[in-house]
Structures are given as C-alpha cells and as structure tokens.
Amino acid sequence: ALLKGEGRKRPFACLLIIIFTATVIQGAYHASLLVTPTEPETWFKDNHMFTDVNAFKSEVFYAPAPNDYAAFSIFWGLRDLDRTNFDTYYRLDFQGDVVYDDDFDLSKKDQQDAMLKICEELPSVPCTEEACVGQKTLVLEMDGSVGCWLKEMRDVSPGGVLPTGSAFFEAAKTFRAENTPSRTLRENSGANWADQIGFVNGELKYAAVSFRTTVAVEGIGSQTWKVRDVLKDWVDSKMGLSPMLMQSVKYHGGFVFTGLNMGDELLSGFLSGCMVSVPVAMLVLLIATRNYIVATYATLCIGSVVACVLGFCQSAMGYDLGISEAIAGVIVIGYSVDFVVHLAHMYCEAGHLGKNTRDERVTFAIKNMGTIIFAGAITTAGAGSVMFFCVIVFFFKMAVLICATIFFSVLFSLGFFMALLTVIGPEGSTGDLDPLIARMMNKPTKIDQGN
C-alpha cells in the first residue's frame, strides 16, 4: 500500500504521514502538561493489605492530632555547609562542616527583638496553596503550634525582660539545662530546647524555632515546594527587622524537604536523560546508517515515540511525572530506538546491494526486518505485560510504559518512518557520509573514479 502511486505521489504514504504528524502533535501537547505530583506517591494498589492496615490503624488507634501535619523549623546562625571533602560514594563518612555566621549574636537586643517578632507573627502567615489543608494560614491554629524558646525564656526572666551581653549567654545555658518544653509545645510544635538552643563548645552558635504547619503528612507531594517558598518569601520580607540576624536563615522540614529534593532530582535526571539521549541516538544512527538524511528521519521518529508515550500516560492514564515515572520512564528511550534503527540500517544496506530507488529499499527493509520487528514486539510486550498483575503500583506503571512504548515504536517504525522514506527518502548516494568524508579528506570516491 505504501508503494501505490509514482514518484512522490504516494497517496497512502502521504496520508500516513499526515495522521502520524497529527498524533505526534497531540502527544507532545499532552506530554507538555505533565507536572510533578500534587499528591503523595502511591506504591500499593487500593486492595493491597498494606493499604488496608494503614487505613485500619488511622481509624482505630489514637495518635496525637498534630502528628498528622508536618513540622518545620527556622534556623539562625548557620551560614553554610562546607562539603569540600565530601565523597559521593561514602556519604556517611563525612557529611560536611557547618560554617557558622560570625554576625549571629542573640545577646544583642535588636536580634532578640527580631526573633521574638518572627515568633509572634508566625501563626498569622497566610498560605493560599492547596498543600495548606483546610486553613488560610501556614501554621496550624492550635495552642503551642509555635515552639519559641526565646519567648519562653523571656517569660521566666526577672521582670519579663531578656538580659543582654554576656549575661544572656549564661541565662540561656541555665534555661537550656533546667527547662524543657511543656507537653503541649512538644506535641504541637515539635519543640526541643536541647536542639534549638545551639551551644557548640560553650558558645551559642545557632538558634531555632519549630512550628506545626497545615501541610498534611498524608498529602505531601512534589507540589509542597510551593509552601516552602511561602515560608521563605515571608521570612525574606522580615529582613529589615535585623539584617545581621536574618542574613543566615535556614529552613528544615525533615523528610518533607528531603522528599521534595529527591523528587526534583529524579525529575531533573529524567529530563536531562531525555535531552542527552536524542543527540546520542542521532550519533548512533549516523554510525549505523552512514546517511544523515535517514538518521535524521529515524531520530524524528524516536522523539515522536517518546512524546506519544508520555502524552498517553498523561491523557489516558492520568499519570503525573513523579518518582515512579522518572525511574521507569528511562526505558521509553531505549525501546524507542530499537525498531527504527534496524529498519534504517536495512534501508541503507539495500543501497550497497545495488538497490538505488526508494521503492526497492523500502521493500527490502520491510521484507527483511518486518517479521523480526513484529516478533520482537510480541516477546518484549509479552514479558512486560506480566507486570500488569503486580500489586505494587511501580511495576504496573512500568508494564504500561513498556507496552505503550512497544506499541508506538512498531507503529512509527513501520508506519511513519517507512512512509517518510517512501515519499522523501534518499536515493542512490544522496545523504551518504562516505562521499562527504572522502571529499573532505581529498580522496577520490567510487563516484568520482567512475566519472
């Protein structure tokens, strides 16, 4: 059917090109809508016993209500983390050296007032992001949701006034040694004076304030980074309170921030891999075909397969670009190359066997590789489809990606790629690299010798 017509007047092949082009546009559009997850990663199906056990525990057993929400902390006095001698392969041997801020000095009244002002205004920080559940503030509205040791120390100081100078450090040491947060503060804010009053070698090097946010632990997703930005923007707006204190602000969100960074890195790695793989695939195809026109068409097909698979995951499956997709999605690139490169190589190989026209080359490529491609598609998709029966969601998603990639790879290699070669494929030595390389090296080619 591809060869019906003469020259470039191939109605069926042209129709295929139009249909596949529209499919690629549609796939690329939906792929562009992929975002990081707005909900936490799901690792087990709804009917898995692990999911049932978690639901049972949350419904039957009592746990303090604040534990359902994430606790954040603000640190002052920590300028940086020196990781000069950090070894990526032995991470636990050396985490880094903390660089403290020499300008941090809570014995000065302006820095004390600035920290107390932050503590007082934290409960009213607005948050309109979806991750701030059920409220319009960043901090949970309940007693003891902000654990501020400096405020507690002021309340027990004579006359309710904090000392300054060297007397402050002695008072802070005594307060840290003799006082502990109330049960309400511990449960509702995660306060711990031993960790938040940072004496190092007898000197107060840092201070921290903890608070309970409206970010639900069960609802933590990659979009929670917006809440982190809400906190950062608000603290930055308070820079004028005390520039010396506010210049070394750091934030801690425990596993929340760690999870966000890991998701961002995985996503960045996936996208970087996709961008790197395209020129690498182009190079491999150039080596395999030694024809830049065929290699360009093949690379276009590979990119089309990737776009359609990602678009299918977004539009048909409703997936986000999360951790599971970033890991399993790497296979899309490899499977996208497989079938196209065989047909491209066979198309160019036909030229070395005296077949110079498009019709002869396309026929030769399909006859020699068509059956092999179908057989490879069936075996690969069959192996991947076994994972559809897995109860772990990651493996189910991998099965979807494998089968979708194989499906689109077969369609685009035997349909789009062959249609392109039928209509505008190179004939004779057009696009061959060997004559170009020989001319650049001033060596006579077979064509030149024949003339």
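**View 1. Both Cys-119 and Cys-148 lie buried in this predicted model.** Welcome to a first close-up: here Cys-119 and Cys-148 are joined by a disulfide, with an S to S distance of 2.1 Å. The torsion about their S-S bond is about 70°, so this disulfide is right-handed. The pair ties together distant parts of the chain, its two cysteines being 29 residues apart. Look for Cys-119 in helix 3, which covers residues 109–121. Cys-148 sits in the loop that runs between strand 4 (146–147) and helix 4 (149–156).

**View 2. A disulfide is formed by Cys-127 and Cys-132.** In this close-up the sulfur atoms of the two residues are 2.0 Å apart. Are Cys-127 and Cys-132 buried or exposed? Both are buried. With a torsion of about 75° about the S-S bond, the disulfide of Cys-127 and Cys-132 is right-handed.

**View 3. The structure holds 2 disulfides.** This view brings the bonded cysteines together. What pattern do the disulfides of the protein chain follow? Counting bonded cysteines along the chain, the pattern is 1-4, 2-3. One of the pairs is Cys-119 with Cys-148, and another is Cys-127 with Cys-132.

**View 4. Helix 1 and helix 15 come within 9 Å of each other, axis to axis.** Two packed helices are described by the angle between their axes and the distance between the axes. Here helix 1 spans residues 11–32 and helix 15 spans residues 393–424, and their axes cross at roughly 130°. That angle lies outside the ranges for roughly parallel, perpendicular and antiparallel, the last of which begins over 145 degrees, so helix 1 is oblique to helix 15. The crossing of helix 1 past helix 15 is left-handed.

**View 5. Side by side, residues of helix 1 and helix 15 make the contact.** From helix 1, the contact takes in Ala-13, Cys-14, Leu-16, Ile-17, Phe-20, Thr-21 and Val-24. Helix 15 brings Leu-411, Phe-412, Gly-415, Phe-416, Ala-419, Leu-420, Thr-422 and Val-423. How many residues of each class does the contact of helix 1 with helix 15 have? There are 12 nonpolar and 3 polar residues, and no charged ones.

**View 6. Two further cysteines, Cys-14 and Cys-390, are partly exposed.** Cys-14, one of the helix 1 residues in the contact with helix 15, has a relative accessibility of 29%, so it counts as partly exposed. Cys-390 has a relative accessible area of 25% and is partly exposed. By comparison, buried residues have under 20% relative accessible area, and Cys-119 and Cys-148 are both buried.

Conventions
Residues numbered from 1 in each chain as written. Predicted model: local features only at pLDDT ≥ 70, side-chain atom pairs only at ≥ 80, totals over all residues. Heavy atoms only, no water. Axes fitted to C-alpha atoms, helices over the stretch in contact; angles between N-to-C directions. Helix = DSSP H or I, 4+ residues; strand = E, 2+ residues; numbered from the N terminus. Parallel < 35°, antiparallel > 145°, perpendicular 65-115°, else oblique. Left-handed = near helix turned anticlockwise from the far one by under 90°. Contact = heavy atoms within 4.5 Å. Nonpolar A, V, L, I, M, F, W, Y, C, P; charged D, E, K, R; others polar. Disulfide = S-S within 2.5 Å. Buried < 20%, exposed > 50% of the residue type's maximum accessible area, 1.4 Å probe, protein only.
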